[in-house]
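Subject: Structure handover

Hi,

Here is the structure I promised to pass on. Have a look at it first, and then read on for what I found in it.

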Amino acid sequence: MDLEKALVDPAAVFNTPDEVVTTGGLSTDDRIRILQRWEYDARELTVADDENMPGDSTPLLDQVLAALHRLGYSPDPDQEPPTKQGGV
């Protein structure tokens, strides 16, 4: 598993966000960082949807957020920028 590639493009390394949670050899921090990147990507698709560009990111975003929740991650709203993309 190529950690650097996963941090840049999680979908190129993993089939689903749940796979990030279940793949061995990753620390919890690495899993969270990968999923945060995937969350950002899914939110970018949501912004594109809002601007009438084709795509449906809602199921992916829900999967990513569920995977982050399973890892015990909850974002600090005081540390997140006030954008649709959230923060990474």
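Let me begin at a residue you can pick out on the model: at 42% relative accessibility, T28 counts as partly exposed. T28 is found in helix α4, a helix that will keep coming back in this email. If you follow the chain from there to Y73, you travel 45 residues in sequence, yet the C-alpha atoms of T28 and Y73 are separated by 9.6 Å.

Before you go further, please keep in mind that this is a predicted model. The average pLDDT for the chain is 81, and 72% of the residues score at least 70. Among the elements of the chain, α3 has the highest mean pLDDT, at 96, while α4 has the lowest, at 85. As a rule, where pLDDT is low, the predicted coordinates should not be read in detail.

**The overall picture**

What is the secondary structure of the chain made of? It comes to five helices and zero strands, so reading along the sequence simply gives α-α-α-α-α. The chain has 88 residues, and 31% of them are buried. Its accessible surface comes to about 5400 Å², with 49% of that belonging to carbon and sulfur atoms. As for contacts, take those in the chain with a separation of 6 or more: 51% of them are accounted for by residues 24 or more positions apart.

**The core**

Next, the inside. The largest nonpolar core has 14 residues, and the ones that touch the most other members are F14, V20, I34, L35 and W38. Which helices supply at least two residues each? They are α1 (3-8), α3 (17-22), α4 (28-50) and α5 (58-70). The largest share, four residues, comes from α4.

Two of those core residues deserve a click. Setting aside neighbours within four places in sequence, V20 is in contact with F14, L26, R31, I34, L35 and W38. F14, I34, L35 and W38 also appear with V20 in the list of residues that touch the most other core members.

The other one is L35, which is found in helix α4. Is L35 buried or exposed? With a relative accessible area of 0%, L35 is buried, because buried means under 20%. Again leaving aside neighbours within four places in sequence, L35 is in contact with P17, V20, V21, V64, A67, L68 and L71. You can also look across from L35 to Q63: they are 28 residues apart in sequence and 9.9 Å apart in space, C-alpha to C-alpha.

**The salt bridges**

How many salt bridges does the structure hold? There are four, and here are some of them.

One that I would show first joins R70 and D18, whose side chains meet at 2.6 Å, N to O. R70 lies in helix α5 and D18 in helix α3, so this pair ties together parts that are 52 residues apart in sequence. R70 counts as partly exposed at 46% relative accessibility, and D18 counts as partly exposed too, at 37%.

Another is between the side chains of R33 and D30, at 3.3 Å, N to O. Both residues lie in helix α4, three residues apart, which is about one turn of the helix. On the accessibility side, R33 is partly exposed, with a relative accessible area of 42%, whereas D30 counts as buried at 15%. The cut-off explains that label: D30 is called buried because its 15% is under 20%. While you are at R33, note L68 as well: these two are 35 residues apart along the chain, and their C-alpha atoms are separated by 9.6 Å.

Then there is R37 with D41, where the closest N and O atoms are 3.0 Å apart. Why are R37 and D41 separated by about one helical turn? Because they are four residues apart in helix α4. R37 is partly exposed, with a relative accessible area of 29%, and D41 is partly exposed as well, with 22%.

If you want a short route through the model, try the core around V20 and L35, then the R70 and D18 salt bridge, and finally R33 and R37 with their partners, D30 and D41.

Cheers

Definitions and conventions
Residues numbered from 1 in each chain as written. Predicted model: local features only at pLDDT ≥ 70, side-chain atom pairs only at ≥ 80, totals over all residues. Heavy atoms only, no water. Core = buried A, V, L, I, M, F, W, Y, C linked by side-chain atoms within 4.5 Å. Buried < 20%, exposed > 50% of the residue type's maximum accessible area, 1.4 Å probe, protein only. Contact = heavy atoms within 4.5 Å. Areas by Shrake-Rupley, 256 points an atom, 1.4 Å probe, with all protein chains shown as cover. pLDDT = per-residue confidence, 0-100.
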